[in-house]
Amino acid sequence: MSYYVDVITPLPLEKPLTYKLTEEQAKFLERGMRLIVPIRNRYYTALALKIHKDPPQNYEAKEVEELLDDHPVVQLSQLKHWLWISKYYMCSLSEVYKAAMPSAMLLESETMISLPKEAVVEEEHSDREYLIIEALKQQPTLKISEVMALLGIKQVMPLIHSMVSKNLLIVEEYIENKYKPKFETYYYLDFDLSNQLLFEQHMADLKGAKKQLELFLLLCQLMATVDNPISSKKLRIKYEGYSSFIKSLIAKGVVKSEKRQEDRIQFDSKISLNNLKELNEDQQKAYQQLNDHIEAKKISLLKGVTSSGKTEVYAKLIKDQLDQGKQVLYLVPEIALTVQLIKRLQSYFGKSLAVFHSKYNNQERVEVWNQVLEGSDKAQLILGARSSLLLPFKDLGLIIVDEEHEASYKQYDPAPRYHARDAAVYLGSLHQIAVVLGSATPSIESRYNVDKGKYELVELTKRYEDVLMPEIQLIDLKKHYKKKEVKNHFSFPLLEAIDATVNDRKQVILFQNRRGYAPVMECERCGHTPGCPHCDVSLTYHQHSKQLRCHYCGYHESYQSNCQACGSVELNTKGLGTEQIVDALKELRPDLAIERLDYDTTRAKNSYDEIITAFEERQIDVLVGTQMVAKGLDFEHVGLVGVMNADTLLNFPEYNAHERAFQMLTQVAGRAGRKKDRGKVLIQSYNPYHEILKLVSTNDYDAMYKEQLYQREIYKYPPANKIIKITFKHKEYNRINEAAQWYVNGLKKGLTNVTILGPEFPSVARVKNNYIKNIVIKIPIAAPAAEIKNYLLRLRTSFFSVSSYRSIRINFDVDYL
C-alpha cells in the first residue's frame, strides 16, 4: 500500500506538492513536522500538511528524502492561522510558511563541485575550466558561489554542466544544519575544598608551575564564594590566557570540565524582581472592565491618554494569565519599544519573558521558537514585533496589541502583506481568547469597530498621578521668517524653550520624520539635482559619510563638491533631515550633548538600547529623532518636545495622511512631562491654522475621528469600504502600461459593484529599475469580498496566460494603508 504526504515548501508555489512515503515514514510522520524533499535537482525543507493514500493526478510523486523532526514543530492552530492569512491577504501558504519559520529551520541543499577520481584527461582546457580544476586541486570541494567569485561571473552553471559532460567534474547536493546549540564550558575542582590534606597536596604538586598554581588558587577563591562551577566566559575575564593552563590542571586531575547547553538570549540577571505597582482608581476601573471582557472572550480597545499608565494595567492582566499557566503575547510596533519594556517586564515577571524580533539572529530565533513550542517557563510572556504573531503558541491565554494604530504593524514587502493587529484578532478567535488593543490615538478602523459593537471601549482619561497634559504651542514659521527670528531652521521661541529646559536640568526631544542631512542637493546655477540611476527619486545627502544615498534601493555615490552637469561649485541643500538638525543645533548650542535616533544610527543590534539607555541616564541633553522617538517610549526627565516641521506630515499624498499626522504629533507630544511637572510642546509649521494642528493642540481625538470618518464615507475609503491595491512591476515602460490596462479592462468587465481607480503611476514611478503601476479597488462593506478576491486571482491566471505578460510581477495588498 502506498502512502503520500501533501507539503508546503519555502518556494512561492500556489498549491501544496504531494510526495511519496514509505510505510515506516507514514507511521512516524505527523502534520506539522519538517521533511526534506527534492525539487528541480535540489533539496528543500517542507512542512507536512496531510498524510493520505491518494496519488497525485497530474504528475508522478517523488519520494521524501528524509524526516527532520521527531515531533511537530508547527501547531495545528498555527497552521489554521497561516491558512487564514494566505486566503485573506491573497498570498500562497508557502509564502506565509517562509515568513513564519526562522530561516535556520528551513534547510536547503547547496550545490558543490569536486573532481572525479578518474577524470578524462584532455589536452586542452579553456582558461575558466583550468581555473576551476586548479582550485579543486587545492581544496576538495567548491560551492557555486565560490566558483562565481573565482571566475568573476554570475552565469557559471552552463560551464559546470559542460565540464560534467566531459567527466571533468562531479556535482552533488549537500545539506547542512544551520542551527547549532550554544555550549559553554564550566570548570570545577575535583576535590572538596574542605579537605585540607588534598588541598596542600595539590599545592605541593603545582609548586614548580607558577601560572598553573595562580589559576588553581583563583579557582579555589571563586569556588569558595559561589559554590558553583565557573564558566569559561567568567574565567577569561578573571585570568587572561587561561586556556593552556587549565588543560594542564585537567590532565593532572586537579580540575574537571563539563559542557552545558545555554540560551543565546540572556537578559540582565542583576534586575531584581519587583511587585506590580498599585493601580490608581482610574487604572483599577479600566482593569476591572478589561478583566470582564477577557472572561467573556471579547475584543477590547483601551483608549488611554499618553502617560496614563496603560502598561501597568497590561502588567496586571498578564500576571492573571501567567498565574493560570497561560502564555501571553505582547505585540509592539517597533523593536525600539522592546528596550524599555524588557527592563520593566523583566522586573515584574523575571525569567518568564521571551523576546522575538528581526534584530535577533537565526540561532536566537530558533531558540525562542522552540521555547514557545514547548511551553517553556522561559517563554510564558512573549514580547515582540509583528513576526512574533506567527510563533507556535502552546497554550495562549491573552493577546495585547500595544500602540495598535501604528502603520508598522502592516507588512509590505515581501508577502504575506498582513496587518498584525487584524491577524492578532483572528488568532484570538482561533484560540478562543480575548484580545486587548491599546492606544492613546486609536486607528479610525478600531474606533469604528467600537461604534459597530465589534469591540468594547475602555478609557483612561487622566495621566498617572494627575500630571497635566503637555502645553502645546503652534509656531508660525512664515511669520518668524519675515521677522528674521529663525536661525538654522530653529525659531527663536524654540531655541529659548530649549535653553530654559536644559537650564532647568531637563531633557529635550526634537522630532523630524526624515533621516539624512537633506533630501535634495541642487545646483544654484543650472538647477541640476542628483538622482538615483535606478529609481525616479533624488538622492538624499548624508553629510557625516559624505555620500548621496537613495533611500529606496540603497544606491550611493560619493559627494562631489561641484555640479556634475555644469561644473559649478554653487551647490545648496533643500529640505531638512535629522543630521542637519543635529549639526545646526551643535553650531548654535555647542555645549549641549546631542544625539540622533533614526535608522542610520540604529543599524547595529544593540544600538537602540545604547542610545535609549544613555538618554534615560541623562547623558544626552537633546535627542533628535524620526518617528522612533514617538512610539510609546517613557522618559522621566523630558520637559520639552519640539517638532521641526509638521507640514511634511500633513501634505503626504495618502488618504489617511491627516489621521497619521494627528497620531504622530499627539504621540510625540506625549513624551513631554510624563512625571510630576507639566511638559511643553512646540510645533513649527508654515500653516499653524491647519485643522489637524488645532485638534492636536487641544488633544481632541473625537473631533478628528468624526471629521475623518465623514471624509472617508464620502470618498469610499476604510473603514466604510475595503481597499485592495494591485501593483504591477516591470523593467519595460510600454509593457507595464499595456499589461496594467489589460488587467483593469478585465476588472471592469467582471466587477460591477466596486470602485476602480487607475492604473496610475505612484509618486515614485520607478524603483530598482522596475516601473510601478497601481490599481486601487474600493469594495463596499456589504459586497462579497471573498468572491471578489477569487475573481482577482482567476484574472491573474488569465493574465499570465499571455506570454508577453509572464515576466511582470503582480502584488495584491489587502487593506492597503
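Me: Does Arg-525 count as buried, partly exposed or exposed, and at what relative accessibility?
Reply: The model is a predicted one. The cut-off for the exposed class is a relative accessible area over 50%. Arg-525 lies beyond that cut-off, so the residue counts as exposed, at a relative accessibility of 60%.

Me: Which residue forms a salt bridge with Arg-525?
Reply: The partner is partly exposed, with a relative accessible area of 37%. It lies in the loop between strand 26 (556-558) and strand 27 (571-574), while Arg-525 lies in the loop between strand 23 (520-523) and strand 24 (540-542), so the pair ties together parts 45 residues apart in sequence. The closest N and O atoms are 3.3 Å apart, and the partner is Glu-570.

Me: How far apart in sequence are Asp-600 and Arg-549, whose side chains meet in a salt bridge?
Reply: The N to O distance in this salt bridge is 3.7 Å. Asp-600 is buried, with a relative accessible area of 19%. Asp-600 sits in the loop between strand 28 (594-597) and helix 20, and Arg-549 in strand 25 (residues 547-549); this pair links distant parts of the chain, 51 residues apart.

Me: About how much of a helix separates Arg-447 from Asp-451?
Reply: These two residues form a salt bridge, with the closest N and O atoms 2.7 Å apart. Arg-447 is buried at 14% relative accessible area, whereas Asp-451 is partly exposed at 46%. Both belong to helix 16 (residues 444-451) and are four residues apart, so the separation is about one helical turn.

Me: How many salt bridges are counted in the model?
Reply: Some salt bridges share partners, and these join Glu-404, Arg-421 and Asp-422 into one network. The count for the model comes to 31 salt bridges.

Me: How many disulfides are counted?
Reply: A disulfide requires two cysteine sulfur atoms within 2.5 Å. For Cys-526, the nearest cysteine sulfur is that of Cys-563, 3.7 Å away, and Cys-526 is in no disulfide. The sulfur of Cys-566 is 3.7 Å from its closest cysteine sulfur, in Cys-523, which is too far for a bond. The count of disulfides comes to zero.

Me: Is helix 20 largely enclosed or not, and how many of its ten residues are buried?
Reply: The buried residues include Tyr-608, Ile-611, Ile-612 and Phe-615. Helix 20 spans residues 607-616 and is followed by Arg-618, whose phi is positive, near 65°. The helix is largely enclosed by the rest of the structure, because the number of buried residues is seven.

Me: Which helix gives the largest share of the largest nonpolar core?
Reply: This core has 80 residues, and among those that touch the most other members are Trp-82, Ile-726 and Phe-728. A second, separate core of 43 residues includes Ile-335, Ile-444, Ala-614 and Ala-646. In the largest core, the largest share is six residues, and it comes from helix 25 (residues 733-750).

Me: What accessible area do Tyr-710, Ile-714 and Tyr-715 have together?
Reply: Ile-714 is placed in helix 24 (residues 701-715) and counts as partly exposed, at 43% relative accessibility. With Tyr-710 and Tyr-715, Ile-714 forms a nonpolar patch on the surface, and the accessible area of the three together is about 340 Å².

Key: Residues numbered from 1 in each chain as written. Predicted model: local features only at pLDDT ≥ 70, side-chain atom pairs only at ≥ 80, totals over all residues. Heavy atoms only, no water. Buried < 20%, exposed > 50% of the residue type's maximum accessible area, 1.4 Å probe, protein only. Helix = DSSP H or I, 4+ residues; strand = E, 2+ residues; numbered from the N terminus. Patch = residues over 30% accessible without salt bridge, like charges linked within 9 Å, V, L, I, M, F, W, Y side chains within 5 Å. Areas by Shrake-Rupley, 256 points an atom, 1.4 Å probe, with all protein chains shown as cover. Salt bridge = Lys/Arg side-chain N within 4 Å of Asp/Glu carboxyl O. Core = buried A, V, L, I, M, F, W, Y, C linked by side-chain atoms within 4.5 Å.
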